[in-house]
Protein chains: 2
Amino acid sequence: MIPDGAREVSILPLAGLPELREGDDLAALLGDALVESGGLEEGDVVVVAQKAVSKVEGRVERSDDDLAVILREARNVRRRRDDLVIAETEHGFVCASAGVDRSNAPGDGWIVLLPRDPDESARRLRAALGERFGVLPAVIVSDSFGRAWRQGTTDVAIGLAGFSPLRDLRGTIDARGRALESTIIAVADELAGAAELVCGKTEGVPAARIRGVGLPAGDGSARDLVMPPERDLFP
Amino acid sequence: MIPDGAREVSILPLAGLPELREGDDLAALLGDALVESGGLEEGDVVVVAQKAVSKVEGRVERSDDDLAVILREARNVRRRRDDLVIAETEHGFVCASAGVDRSNAPGDGWIVLLPRDPDESARRLRAALGERFGVLPAVIVSDSFGRAWRQGTTDVAIGLAGFSPLRDLRGTIDARGRALESTIIAVADELAGAAELVCGKTEGVPAARIRGVGLPAGDGSARDLVMPPERDLFP
């Protein structure tokens with residue numbers, strides 16, 4: 001019994017992609033995986049792991065000095081304890097190691113950096129998939145971020161195209177007729193986390209298709225998800 | 001083309017529950033909604049909104065002094081700016097208003113508190129659903145938390161039963177044969193966020209069933225998700 005506005009959501013892993021290298025046509029490879037999985041429909045969301053995007057964009061380098069790379073990629077360092085560096089990236093995201101990471105790198109001695117403009121990466125994938133399938137999907141570039149006060153990472157959106165990442169319910173009415181005073185939901189981050197449930201970290205599944213979510217309309221950016229400095233209580 | 005270990009995940013809203021009151025049999029009502037939705041299978045996860053649990057457990061009160069209630073429910077206050085209080089609850093969770101909230105309350109002048117022991121709430125629901133359906137679901141009690149540095153709330157697990165909330169990949173091998181050094185995924189929080197995608201805040205859908213996720217085995221607690229004080233860089 002599904003009421004109006006509440007539908008079943010499905011999350012499908014997009015598998016079968018090869019090991020990715022700089023210059024690979026990620027949209028074409030994702031498109032092939034989508035064809036294998038039944039294609040695209042209006043309203044679908046394609047979530048792609050940051051590491052896949054970074055590799056095809058050549059955002060990898062050989063280095064044996066992680067800290068030097070982290071400090072170069074960071075706009076500023078928020079906290080540091082032993083090997084752990086919590087830093088703000090040039091995009092404004094606050095995360096461990098400024099998003100720099102060796103796991104799933106192209107090989108030993110290689111390190112993967114965040115895409116320079118993950119929103120632009122998402123927009124390009126959206127346009128190319130839209131051209132192939134005749135419907136424009138929402139696209140999210142996701143990465144695994146740690147959180148203050150909570151153990152473990154969850155995947156969040158660091159780039160996106162085709163929707164607004166925040167569902168603003170301020171002023172809407174709850175089931176009892178009471179206004180929801182301060183509810184803004186980070187839908188894009190919930191979608192990125194949901195996709196992680198089928199992608200895993202080790203299985204070579206860099207993307208997922210999510211179907212059935214009513215997305216907030218708009219021409220959003222992952223930067224909409226960044227807390228502005230004047231509201232940041234944990235600088 | 002779904003590889004071993006990667007399956008389609010489905011998220012189904014559990015609707016049709018009445019407005020809940022203290023003493024209502026939430027497990028029976030969820031069970032009825034599950035019957036309408038095809039029942040339970042081995043490995044299913046039932047995610048229930050904290051507000052539903054708090055109401056049937058009588059964790060509501062009449063008050064016109066939000067701040068007094070927040071400070072009473074808080075173990076300590078981490079930050080405060082105007083009306084916004086970031087506080088640590090007795091359970092150890094750090095969130096806005098110590099989890100105290102007026103939206104979707106039983107009526108004007110009422111305020112909803114967090115369950116006293118959300119893990120125990122989840123264990124009771126798991127046992128009752130297991131008795132009715134012959135399979136024990138994993139159960140999550142979820143709430144919407146804001147985050148440091150990021151706009152908007154995502155739903156996270158504040159109580160759980162029947163699995164371990166963290167997928168510990170330390171020492172496993174990535175697609176290139178390289179060890180994943182520091183990867184622990186907060187699966188329970190990603191599940192709670194995924195459920196929010198179908199529940200919404202205003203539609204009277206207080207629960208969801210998630211099928212197809214390989215859960216980390218264990219007898220976990222939502223307290224496993226709390227960063228221990230010695231590792232908390234944002235006290």
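## A tour from a buried strand to the chain interface

Val47(A) lies in strand β2 of chain A, which spans residues 45–49, and this residue of the predicted model is a convenient place to begin. Select Val47(A) and display the surrounding C-beta positions: 30 other C-beta atoms lie within 10 Å, and since 20 or more are enough for a residue to count as buried, Val47(A) is buried. Leaving aside its neighbours within four places in sequence, the contacts of Val47(A) are Ile140(A), Ser142(A), Leu191(A), Ala192(A), Ala195(A), Ala207(A), Ala208(A) and Ile210(A). Now add Gly193(A) to the selection; although Val47(A) and Gly193(A) are 146 residues apart along the chain, their C-alpha atoms are separated by 9.7 Å.

**Helices α1 and α4 of chain A**

Staying in chain A, select helix α1 (residues 26–36) together with helix α4 (residues 118–133), whose axes come within 9 Å of each other and cross at roughly 50°. The two helices α1(A) and α4(A) are therefore oblique to each other, and the crossing in which α1(A) passes α4(A) is right-handed. To see where they meet, show the side chains of Leu26(A), Ala27(A), Leu30(A) and Gly31(A) on α1(A), and those of Leu125(A), Ala128(A), Leu129(A) and Arg132(A) on α4(A).

**Helix α1 of chain B**

Move next to chain B and select helix α1, residues 26–36, where the buried residues are Leu26(B), Ala27(B), Leu30(B), Gly31(B), Ala33(B) and Leu34(B). Looking down the axis of α1(B), you will find that its buried residues fall within an arc of 165°, so they line one face of the helix. Which elements cover the buried residues of α1(B)? The cover includes β1 (9–14), β2 (45–49), α2 (50–56), α4 (118–133) and β12 (207–211), each of them in chain B. Following the backbone just past the end of α1(B) brings you to Gly38(B), which takes a positive phi of about 100°.

**A stop in strand β5 of chain B**

Ala87(B) is found in strand β5 of chain B, residues 84–89, and with 22 other C-beta atoms within 10 Å, Ala87(B) is buried. If residues up to four places away in sequence are not counted, Ala87(B) touches Ile70(B), Ala74(B), Asn76(B), Val77(B), Arg78(B), Ser97(B) and Ala98(B). For a distance across the chain, pick Arg170(B) as well: Ala87(B) and Arg170(B) are 83 residues apart in sequence, and their C-alpha atoms are 31 Å apart in space.

**The two chains together**

Finally, bring both chains into view. Chain A can be laid on chain B with an RMSD of 0.0 Å by a turn of 180° and a shift of 0.0 Å along the axis; the two copies are thus related as by a two-fold rotation axis. The contact between the chains takes 67 residues from chain A and 66 residues from chain B. On the side of chain A that touches chain B, at least two residues each come from β1 (9–14), β4 (74–81), β9 (150–161), β11 (184–185) and α5, and α5(A) gives the most, with eight residues. Of the interface residues of chain A, 99% are also interface residues in chain B, so the copies meet through the same surface.

End by selecting helix α5 (residues 187–199) in each chain: α5(A) and α5(B) pack at an angle of about 120°, with their axes 8 Å apart, which makes α5(A) oblique to α5(B). Residues making this contact include Glu190(A), Leu191(A) and Gly193(A) of α5(A), and Glu190(B), Leu191(B) and Gly193(B) of α5(B). The crossing of α5(A) and α5(B) is left-handed.

Technical notes
Residues numbered from 1 in each chain as written. Chains lettered and ligands numbered in written order. Predicted model: local features only at pLDDT ≥ 70, side-chain atom pairs only at ≥ 80, totals over all residues. Buried ≥ 20, exposed ≤ 12 C-beta atoms within 10 Å, placed from the backbone. Helix = DSSP H or I, 4+ residues; strand = E, 2+ residues; numbered from the N terminus. Arc of directions from axis to C-beta. Contact = placed C-beta atoms within 7 Å. Least-squares fit on C-alpha atoms with pLDDT ≥ 70 in both. Axes fitted to C-alpha atoms, helices over the stretch in contact; angles between N-to-C directions. Parallel < 35°, antiparallel > 145°, perpendicular 65-115°, else oblique. Left-handed = near helix turned anticlockwise from the far one by under 90°.
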